[in-house]
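Subject: Structure handover

Hello,

I am passing on the structure shown here, with notes on what was found in it. Please read the notes with the model open beside them.

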Amino acid sequence: MAAPQPAPGRCAYFVARKKRFCKMLPAPGRRFCGEHGLQEEENGRKRVPCPLDPKHTVYEDQLQKHLKKCNSREKPKPVYFVRDINAGLEDVAEIPEKQVPISSLSKEELENLIIKLKKASNGLELCLEEQILSHQALQEALNDPKNGESAFKHLKQQNVENVQFLLVERATTRFKVDGKHKRRDSIFERLQVDIQHLCLSVRNEASHKVPILEKKKLPVVGIGKHLCGAATDLALRCLVESYTTCRDGENEEPAPKRSRNDKTEVASNSSANNESNKDDCKPVAGIVIALCCHHKCDWRHYVGREFFKSVGLGPVEFHYFQRMSSWATCGMRETTIKASTSEESEDQTNDTEEHEQTFSKTESGSDTLQGILTVEERKEIGCLCKRLIDRGRTEYLQQRGYRAALQYYTESAVSLENVLLTAVPGPSLIPEPTM
C-alpha cells in the first residue's frame, strides 16, 4: 500500500493529531507552508519557533526584528489596569493541595457532602420570583429576518438614546455591529481588559481611571451576561469594591493584592475614613447579572467566602459544590435536542449551545453515580449548590449596603440558566441631601 501523499500544491507537513496533511499553501518552490517552514531550510536560513508564541515560526536571522512587532508581545497597559485588583484575597493555606474528582468519592463521602449541603441550604429561598419582562418592539425586531444572531445581542442598545455604553472585553473579536451604536447622541466604547484587573476609578489623579468615567462622572449601572463562574465574582468586586474604593481614596493607590494579615488594618482604616468620605462616595446605581456556569467558580475569587465559613463550610466543600452545581443542568442536552426539532430552535438554543460544551460527563451525568442518585436527585442537588453559591453573593452585596435579590428572568424552556442577580444601593449608601 502506497504511503499517503499531500494534495498537489499543498503543504507536505503531516498533522498527526488530525491524521492528514496540512492544507495550507506553501510559497512557490517550497514544500512546506510558512507555519511548518521549520521542517526545512531555505538557502541556509532556519526557521525557529517564536519565543513569545510558539504557535508560529520566524526566520532565525530575523528573530530580533520580529520580536519588536510580534502581535504576542506585551503591550503597554492602559491606565485603568491594576493587576489583580478584583482577584480577592490570596490565601494558599485555604486551598487544598489535591482535589479528588467527584467520581472518585466513596458513597459515604458523597452522602456526607449532600448532608452538609442540605444543612447549609436550610432556610434558603429556592422558589424564586418570576420577573419575566418583554416588549412588543423587541419581539418584532427579534422576528425580523434582516437581523442576524450578532444583531440580536445589540437590539436593546440600538433603540436606547442618550445612554453611554462601556463594554469590557477580555479578548478581541469581530465587532460587526459596533458601527450602529456609534452615533452622535450616544457614546459606545470598549475596554479590552480582564475584569480581574479593571479599576473603575474616577479620581482626580492621572492614573488608574477609565477616561469616559473621569470625563462624564455619570452614574454607573453594571450589566453582565455570560459572566461564567468566577467572572461574576470578579465583576461584583469590581463594581462594589474597586469602584467605591477608588472614589473614596482620593490620594491612595488601590491595593491590588492583600494578605490575610492585612484585613484588620484595612478594616480599621476603612472605618476611620468612612464618615469623612461618606458624602463623596457614590456607589454604582445598579447591578444586573444573568448568572451561569457555577461549575467554573473559584474559591479565591468567590465573594461569598465569609458566608460559606459562617455556615460551617470551607474551600473543600466549595470545590465539590461548584462541580456538583452542573447537575442542575443535566437536562440541557435533552432540552437542546428537543428544541432543535422545533421551528424556533435557532433562536432558543443559543444559550444552551453556548453552555453545553463546558459540561463534562463526570460532572453532569456520570455513570459512576448511577445506583446512588437518580437524574432528578442530581438536578435537585445541583440547584441547591447553585442557590447556595448565589446566596453567598447576595450576602456579600447586603453586607456592603446593597439590596440584592435573585429572580427568574426567563422560562426554563428557553434557558436552564435563567436566574438573574439584581442589586441597588440601600439607604446606608445613598447620601442624604444637603440643605
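The notes below go from the whole chain to the sheet, then to the helices and a few single residues.

Whole chain

Please keep in mind that this is a predicted model. The protein chain contains 15 helices and 11 strands. Of its 435 residues, 43% are buried. Among contacts with a separation of 6 or more, 65% are between residues 24 or more positions apart.

The sheet

One sheet is open and has five strands, in the order E5-E10-E11-E9-E8, with mixed pairing. Its edges are formed by strand E5 (129-130) and strand E8 (221-225), each of which pairs on one side only.

Going through the pairs from the E5 edge, E5 and strand E10 (residues 402-408) run parallel and are joined by two bridges. Glu130 has Tyr408 in E10 as its bridge partner. E10 and E11 run antiparallel, with seven bridges between them. In that pair, Leu406 is matched with Leu421 of E11. E9 and E11 are also antiparallel, and four bridges join them. There, the partner of Val288 is Thr422 in E11.

How much of E11 is covered? Six of the seven residues of E11 are buried, and the strand is mostly covered.

Helix H15

Helix H15 covers residues 375-399, which is 25 residues. From first C-alpha to last, H15 reaches 36 Å, close to the 36 Å expected at 1.5 Å a residue. After the helix comes Gly401, which has a positive phi near 90°.

Which strands does H15 touch when it packs on the sheet? H15 touches strand E9 (286-290), E10 and strand E11 (419-425). The direction of H15 makes about 155° with that of E10.

Helices H2 and H10

The next pair is helix H2 (residues 107-120) and helix H10 (residues 315-324), whose axes come within 11 Å and cross at roughly 90°. That crossing makes H2 roughly perpendicular to H10. On the H2 side, the contact is made by Leu113, Ile114, Lys116 and Leu117. On the H10 side, the residues are Glu317, Tyr320, Phe321 and Met324. Sorted by class, the contact of H2 with H10 has six nonpolar residues, two charged ones and no polar ones.

Why is H10 described as largely enclosed by the rest of the structure? Eight of the 10 residues of H10 are buried, so the helix is largely enclosed. The buried residues are Pro315, Glu317, Phe318, His319, Tyr320, Phe321, Gln322 and Met324. The cover over the buried residues of H10 includes H2, helix H9 (305-310) and H15. H15 therefore appears in two places in these notes, as part of the cover of H10 and packed on the sheet.

Ile372

Ile372 sits in the loop between helix H14 (361-364) and H15. With 30% relative accessibility, Ile372 counts as partly exposed. Leaving aside residues up to four places away in sequence, Ile372 touches Lys107, Leu110 and Glu377. Leu110 is 262 residues from Ile372 along the chain, but the C-alpha atoms of the two are separated by 9.1 Å.

Two residues with positive phi

Most residues other than glycine have a negative phi. Lys19 and Asp84 are worth a look on that account.

Phi of Lys19 is positive, near 60°, and the residue is not a glycine. Lys19 lies in the loop between strand E1 (14-15) and strand E2 (20-21). Lys19 has 71% relative accessibility and so counts as exposed.

Asp84 is not a glycine either, and its phi is positive at about 60°. Asp84 is in the loop between helix H1 (63-69) and H2. Is Asp84 buried or exposed? Its relative accessible area is 8%, and buried means under 20%, so Asp84 is buried.

Regards

Methods: Residues numbered from 1 in each chain as written. Predicted model: local features only at pLDDT ≥ 70, side-chain atom pairs only at ≥ 80, totals over all residues. Heavy atoms only, no water. Expected span 1.5 Å × (residues − 1). Axes fitted to C-alpha atoms, helices over the stretch in contact; angles between N-to-C directions. Parallel < 35°, antiparallel > 145°, perpendicular 65-115°, else oblique. Contact = heavy atoms within 4.5 Å. Nonpolar A, V, L, I, M, F, W, Y, C, P; charged D, E, K, R; others polar. Pairing = 2+ DSSP bridges. Buried < 20%, exposed > 50% of the residue type's maximum accessible area, 1.4 Å probe, protein only.
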